[in-house]
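Open your viewer and get comfortable. This is a short guided walk, with a selection to make at each stop.

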Amino acid sequence: MRTDVIPRFTEETAGFWQGAQQGEVRVEKCGGCGRLRFPPQPMCPKCNSPERSWEPVASTGALYTFAVIHGVPPEPQLAGERGHPFILGVVEVDGTDGVKMMTDIDGEWIERVSIGMPMKAIFETVTGEITLPRWVPSEE
Amino acid sequence: VPSAMIAGIGNTEFTQEDTGQRSVDLALEAIKLACEDAHVAPREIDGLIRHTFDSSGSHDQFVANLGIERMRFWPEVPQGGAGAPMALLLADLAIQAGQADIVACYRSYTPFDIGQGARYSPWWIFARNAGMREFGRPYGYGSLAQIYALMFERHIHEYGTTEAQLGEIVAACRLHASMNPRALRPDPITVDEYLDRPYVSGRFREDDLLINPSIGACAVIVMSDERARDLGCPPVHIAGAVGGSPAGGMPNWWEWWSLRDGPITQLGDGDLARRLYERAGITIDDIDVAQIYDCFSFTLMGLIEEYGFCGRGEAGPFVENGNIALGGKLPVNTHGGLIGEAYIHGFNHVLEGVRQIRGTSSAQVQDAQVCLVTGAAPGVTSGMILTRDPTR
């Protein structure tokens, strides 16, 4: 596996990866108004509070949009190593008022993938330090 | 208040061959040609607005090489494709305020600017050193095309838009490119031929994507109406130019647009467009021709809705039946656009807008009086209206 595409801990992102190690999907929560957001950013655009924390959310959601990726991207990536073509998906997380996350979906779903299909998070161990949340169709 | 005209345009040859051309060298050539077109000497330039994405030279290098004797105004407009009309807005303001008399604006594009320089920008999802990309890259989120492919799939879902309708945009741009000797994709393509091409990213074919690599530079010279008239320059007025940004969603950040909690099929330019038409003193029916940002075919489709040429979700039917090709209701990208001529971050759209108002385009709209030029979307961006007659 290419080490240059394995996620790294940074000050801004560590809480997300720590959550994944514990089997949790986490998103950023504003310390001022409580709104959930993802990916993280330094300030809430609604109340301008810089206070923030990582909040566990549901491990279920629905596919919001997707793209079947046929071409080989210019740089290596974990998803690409699982084989081409694959599906790049965006999942809307249940109970979050519209917070969304990226995922990749196995190419075997290309004929069946559709917007709105229910999804669930699974947690893949990539290295001893990194566990990667992935969303997969929950109706096999 | 003196209003401003685009008095001169210049561009290098566009090429795909990377022979190590330097961004500054290309810019110098384009600015020199624009000066010749405007009947001024490069040393007379007293304002220089660099339109950039990352780093492509310094103002010092232009003073040193062009022999500029008195540089009075020297800002930089970043934001890549979103920034071309903003550069013209700054030029217009500088002339109105008496801060400069002869203003050059340019965009020079080489693979270094975006492919290599951008790796060091932390606000760029594909930057090697930014933690943000880790929320996309492990899942295969790794190209600009994917941002728009995810939007287009949702547009299909919400509005019943079809791939053939996207193909109409490609066919129109390529028809115009086939008439343009500068174009890097000079072969026309029919919608049926388009549909036979293999997918690359989502529903996109290669033909839907900006031309990569593209290498070249574009420049304009802006001065007061009065001075441009005295020099015998054909009238191309900056009737209005405005900036804008999307509002209301999170994240409001174009690289993560598909993760937004608002509708991702809307590019967020509606407010900009309304203010632009008002400032230019025109209505949408006055627009004869439009140069609309088309880093991907769907970008153009979305912008047709944002700028109000049809209702929300109706851009698919709007572009059918040659409606946006020469001879149609709203000819767009008469140079071929970023998917037909070259990807010079939309500064080539500015030059084509000038040609249309002058009546010198290779795909000329008969008696074009009013031309819209848009910047990229979604995100912080800009747009402008060029007219033959002064409107203020």
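Before selecting anything, a word on terms: a cavity here is a set of grid points where a 1.4 Å probe fits but cannot get out, and its volume is the space filled by probe spheres set on those points. Please also keep in mind that this is a predicted model.

**Stop 1: an enclosed space**

Searching the whole structure turns up 3 cavities of 30 Å³ or more. Let's visit the second largest cavity, which holds about 40 Å³ of space. Which residues should you select to see its lining? Pick A:Phe16, A:Phe38, A:Met101, A:Met102, A:Pro133 and A:Trp135 from chain A, then add B:Phe135 and B:Tyr139 from chain B. Now highlight β6 (100–105) and β8 (131–137) of chain A, the elements that give two or more residues to this lining. Try colouring the lining by class: you will find 8 nonpolar residues, with no polar and no charged ones.

**Stop 2: where the chains meet**

Keep B:Phe135 and B:Tyr139 selected and add B:Met250. These three lose the most area to chain A of the residues in chain B, together 24% of what that side buries. Zoom out to take in the whole interface: chain B and chain A bury about 3600 Å² between them, and 61% of that is on carbon and sulfur atoms. The contact draws 37 residues from chain B and 50 residues from chain A.

How many salt bridges cross between chain B and chain A? The rule finds 0. Polar contacts do turn up, with 7 residue pairs across the interface, both partners at pLDDT 80 or more.

Next, select α5 (144–159) and β5 (199–201) of chain B; each supplies at least two residues of the side that touches chain A. The largest share of that side, 7 residues, comes from α5(B). Colour the chain B side by class and it divides into 16 nonpolar, 11 polar and 10 charged residues.

**Stop 3: backbone details in chain B**

Return to B:Met250 and look at its bond to B:Pro251: this peptide bond is cis, with omega near -10 degrees. B:Pro251 sits in the loop between β8 (237–244) and α9 (270–280) of chain B.

Where is the next cis bond on our tour? Select B:Ala377 and B:Pro378; the peptide bond joining them is cis, with omega near 0 degrees. You will find B:Pro378 in the loop between β10 (370–374) and β11 (381–387) of chain B.

Finish at B:Gln79, a residue other than glycine with a positive phi, near 80 degrees. B:Gln79 belongs to the loop between β3 (76–77) and α3 (84–96) of chain B.

Notes
Residues are numbered from 1 along each chain as its sequence is written. Chains are lettered from A and ligands numbered from 1 in the order in which they are written. This is a predicted model: local features need pLDDT of at least 70, side-chain atom pairs count only at pLDDT 80 or more; totals for chains, interfaces and linings use all residues. Side-chain values use heavy atoms; hydrogens and water are left out. Contact means heavy atoms within 4.5 Å. Buried area is the accessible area (1.4 Å probe) that two parts lose on being put together, summed over both. A salt bridge is a side-chain nitrogen of Lys or Arg within 4 Å of a carboxyl oxygen of Asp or Glu. A polar contact is a pair of N or O atoms within 3.5 Å; within protein, one must be able to donate a hydrogen and the other to accept it, and residues adjacent in sequence count only if both atoms are side-chain atoms. Helices (H or I, at least four residues) and strands (E, at least two) are DSSP runs, numbered from the N terminus. Ala, Val, Leu, Ile, Met, Phe, Trp, Tyr, Cys and Pro count as nonpolar, Asp, Glu, Lys and Arg as charged, and the others, Gly among them, as polar. On a 1 Å grid over the protein atoms alone, a cavity is a set of points where a 1.4 Å probe fits but cannot get out, and a pocket is an open set with protein on both sides within 12 Å along at least five of seven lines; lining residues have an atom within 4 Å of a point.
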